[in-house]
Amino acid sequence: MSLLQSILIPKVSLGRSFGVYQRWIHWLVPLLCIAQVPTSWAIQRTHMAHGFTKPAPFDLFLHQVHAWMGWLIMGLALTQIALRYIYGRPSLEDLSPRERWAATGVHICLYGLLLLLPFTGTVAMYLSFRAAPLHRWLSWALLVLALIHVAGALWHHFYRRDDILRRMLRHQA
């Protein structure tokens, strides 16, 4: 394997499950994404205040919370990508080529959206509000992909009865 391939292709770990930090980040990121929803409503309220009305101080605070949580999510996604390259991921050998392709594609898209959303949100917040529609569209795309990800995990757990979901729930040697 060349140096470039070793950098671009994450390694496969020897264990049957993800590491503890990978599991924690995996579950923390969706919780933070869910928390982004009510804070996004505050952003809408701050932009509806025009003319003589001022936005409510709490809405301005939630606007900042939304931005900081977005940046935290981006940092956690970058950390998760780094951990995947450092520690690897469990083997996907039990999956068909089509399932491996689908899992890889969904994960790449999820990571891409988790990186693009904070970027477009920052652009919309500080540079040009014209990025807001793209940010909103990417948010919906993240929701759809997250639901596909959950559906796939549940399909593996209840239909195939394999250990794909358990890999992210607890340590398996």
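This note goes through the cysteines, helix 5 and the loop that follows helix 5 in a predicted model.

1. On the cysteines, the model holds 0 disulfides. A disulfide is a covalent bond between the sulfur atoms of two cysteines. Cysteine 33 has a relative accessibility of 21% and therefore counts as partly exposed, a class that runs from 20% to 50%. Cysteine 109, with a relative accessibility of 39%, is likewise placed in the partly exposed class.

2. On the length of helix 5, which covers residues 132-160, a rise of 1.5 Å a residue leads one to expect that its 29 residues should span 42 Å. The C-alpha atoms at the two ends of helix 5 lie 40 Å apart in the model, which agrees with that expectation.

3. On the buried side chains and their surroundings, helix 5 has as its buried residues Ala132, His135, Leu138, Ala141, Leu142, Leu145, Ala153 and His156. These buried residues pack against helix 2 (20-48), helix 3 (57-87), helix 4 (97-127) and helix 6 (164-169).

4. On the residue just after helix 5, arginine 161 takes a positive phi of about 55°, although arginine 161 is not a glycine. Most residues other than glycine have a negative phi, and a reader checking the backbone may wish to look at this position. Arginine 161 is located in the loop between helix 5 and helix 6. Because its relative accessibility is 64%, arginine 161 counts as exposed, the cut-off for that class being over 50%.

Key. Residues numbered from 1 in each chain as written. Predicted model: local features only at pLDDT ≥ 70, side-chain atom pairs only at ≥ 80, totals over all residues. Heavy atoms only, no water. Disulfide = S-S within 2.5 Å. Buried < 20%, exposed > 50% of the residue type's maximum accessible area, 1.4 Å probe, protein only. Helix = DSSP H or I, 4+ residues; strand = E, 2+ residues; numbered from the N terminus. Expected span 1.5 Å × (residues − 1). Contact = heavy atoms within 4.5 Å.
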